[in-house]
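This note sets out numbered points for a colleague who is meeting the structure for the first time. Please read each point with the model in view.

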Amino acid sequence: MTGIRTPDGKTVTEVIADADTREFTFPVASLPEGKLEIFARLTGPDGGTTAEAAHPLRKLAYLKGEVWLAKNDQTFMVDGKPFFAIMEWSAREDFLPGVNVFLDWVPYRGTKFVSPALSHDSYLNQLKKNTSISSTDEAKIRKRVAEEMKKPELFAYCFCDEPEVFGDTVEALNAIYKIVEDVDPYHPLLLSNDTIYGVIDYADAGDINGLHPYPAPDRKKKFNDFAKVLNYLEAFQSFFRTRPHKQALTWLAQGFDYTNFAAVNTRIPRYIELRNQHLLSFIMGGRGVELYNSLNSHYPEIGIGLAEHVKEINVYAPVLMEPSANPELKLSLSGFRWTARRHNGELWLFIANVTHEENRELAVTLPELGNRKLKVMAENRTVQAR
């Protein structure tokens with residue numbers, strides 16, 4: 001048999017089935033709100049228990065502004081509706097219009113906000129270096145989160161940035177994550193990794209990942225070889241594909257210049273390099289972006305280019321939240337990645353070159369197009385299908 005019970009052991013619903021049954025359905029409306037437990041019990045011929053397994057379960061009351069990740073593809077759901085996250089982590093003076101989530105202590109210019117309560121606190125950041133969290137520290141964390149979760153425009157908590165670089169321990173982050181999740185199950189936690197091993201080590205310490213390998217732009221090249229971007233995207237998706245706890249991918253591109261930090265022979269990424277990273281991340285399953293930009297007024301790549309790109313992402317957002325389409329599409333060359341979506345009766349194709357070769361002429365065969373004209377987004381032109 002299998003069923004759901006309260007913490008005190010009272011069974012509130014159950015299903016009795018034979019040992020070969022692999023799938024069960026329970027009514028939800030009648031379940032009490034709060035912490036529960038789902039269990040399965042195998043009984044022998046004499047009626048005695050031969051094996052039992054149990055797993056925590058929770059039924060939550062509705063909270064206005066609640067955010068969760070869709071189980072099938074990690075799409076953000078806000079108040080039960082799909083939401084494409086265009087997040088930004090920058091100074092207020094570098095805010096890009098069109099962003100819908102901003103890292104700040106309060107909502108800024110009509111956006112939702114990512115709270116820095118867990119990331120911009122020196123006390124908490126010291127705790128992250130430990131290998132365990134004391135009961136006293138846990139009580140302080142619970143109190144802080146209980147206060148923060150009441151803010152109706154809260155989207156997520158910024159948890160940690162590059163924990164593998166700053167010495168945050170897996171033990172501490174996992175423990176703090178469980179504490180925060182227990183107090184506030186309505187809002188996800190955001191972390192960012194800049195290494196593949198960091199993604200693996202801290203896989204259970206967050207719900208959103210602002211992945212960012214930051215390929216170094218060579219100032220002598222117009223367009224750099226960003227094969228590293230594809231390597232990270234493929235490794236991320238491959239790792240989380242079979243894990244029960246998943247993270248939503250929100251690519252975090254380098255919107256600043258390392259020259260300002262005494263680096264040499266480098267530059268800020270060109271607008272097209274930033275744009276191509278984002279487009280490739282959408283093709284590879286990204287559920288949003290996290291813009292990390294500074295000194296917009298000094299860099300046209302950001303102040304002009306990225307500002308226009310945010311407008312473009314807003315156009316793509318409702319399309320990218322549609323389920324993947326699977327048209328009979330063939331590409332004449334290897335070295336490309338693609339995805340397709342159907343939205344409002346139109347087919348949208350996203351195709352990206354992932355090699356460093358220039359002037360590659362690609363033939364895309366898609367019979368359903370016939371001889372119609374296609375609009376090329378953000379380029380003010382059309383192409384004729386044959």
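1. Helix 2 (residues 135–148) packs against helix 4 (residues 170–183), with the two axes 9 Å apart and at an angle of about 45 degrees. An angle that is neither under 35 degrees, nor over 145, nor from 65 to 115 counts as oblique, and helix 2 and helix 4 are therefore oblique to each other. The crossing of helix 2 with helix 4 is right-handed. It should be kept in mind throughout that the model is a predicted one.

2. Which residues form the contact between helix 2 and helix 4? Helix 2 contributes E138, I141, R142, V145 and A146, and these meet I176, I179, V180, D182 and V183 of helix 4. Sorted by class, the residues of this contact are seven nonpolar and three charged, with no polar ones.

3. A second helix pair is formed by helix 6 (residues 227–240) and helix 7 (residues 271–283), whose axes come within 10 Å and cross at roughly 25 degrees. Since angles under 35 degrees count as roughly parallel, helix 6 and helix 7 are described as roughly parallel to each other. Helix 6 also passes helix 7 in a right-handed crossing.

4. On the side of helix 6, the contact with helix 7 is made by V229, L230 and L233; on the side of helix 7, it is made by Q277, L280 and S281. Four of the residues in this contact are nonpolar and two are polar, while none is charged.

5. The overall description of the protein is as follows. Its secondary structure comprises eight helices and 22 strands. The C-alpha trace spans about 75 × 55 × 35 Å along its principal axes. The protein has 386 residues, of which 47% count as buried. Among the contacts with a sequence separation of 6 or more, 60% are between residues 24 or more positions apart.

6. F113 belongs to strand 10 (residues 112–115). Is this residue, F113, buried or exposed? Its relative accessibility is 0%, and F113 therefore counts as buried. Leaving out residues up to four places away in sequence, F113 touches V101, F102, D104, W105, V106, P107, E148, K151, E153, L154, F155 and A156. One of these partners, F102, is eleven residues from F113 in sequence, and the C-alpha atoms of F113 and F102 are 4.7 Å apart in space.

7. T339 is part of strand 18 (residues 336–343). With a relative accessible area of 8%, T339 is buried, because buried means under 20% relative accessible area. Its side chain makes a polar contact with the side chain of R341, at 2.6 Å. When neighbours within four places in sequence are set aside, T339 is in contact with I283, S324, W348, L349 and F350.

8. K375, in strand 21 (residues 373–376), is exposed, with a relative accessible area of 68%. Apart from residues up to four places away in sequence, K375 touches R381 and T382. How far is K375 from A146 in sequence and in space? The two residues, K375 and A146, are 229 residues apart in sequence and 49 Å apart in space, C-alpha to C-alpha. A146 is also one of the residues of helix 2 that meet helix 4.

9. Two loop residues deserve a check of their backbone angles. Most residues other than glycine have a negative phi. Y214, however, has a phi near 50 degrees, which is a positive value in a residue other than glycine. Y214 lies in the loop between strand 13 (208–209) and helix 6. At 14% relative accessibility, Y214 counts as buried.

10. The other loop residue is A262, for which phi is near 75 degrees, again a positive value in a residue other than glycine. A262 is placed in the loop between strand 15 (254–255) and helix 7. With a relative accessible area of 68%, A262 is exposed, whereas Y214 counts as buried.

Key:
Residues are numbered from 1 along each chain as its sequence is written. This is a predicted model: local features need pLDDT of at least 70, side-chain atom pairs count only at pLDDT 80 or more; totals for chains, interfaces and linings use all residues. Side-chain values use heavy atoms; hydrogens and water are left out. Axes are lines fitted to C-alpha atoms, for helices over the stretch in contact, and angles run from 0 to 180 degrees between N-to-C directions. Helices (H or I, at least four residues) and strands (E, at least two) are DSSP runs, numbered from the N terminus. A crossing is left-handed if the near helix is turned anticlockwise from the far one by less than a right angle, and right-handed if clockwise. Contact means heavy atoms within 4.5 Å. Ala, Val, Leu, Ile, Met, Phe, Trp, Tyr, Cys and Pro count as nonpolar, Asp, Glu, Lys and Arg as charged, and the others, Gly among them, as polar. Buried means under 20% relative accessible area, exposed over 50%, partly exposed in between (1.4 Å probe, protein chains only). A polar contact is a pair of N or O atoms within 3.5 Å; within protein, one must be able to donate a hydrogen and the other to accept it, and residues adjacent in sequence count only if both atoms are side-chain atoms.
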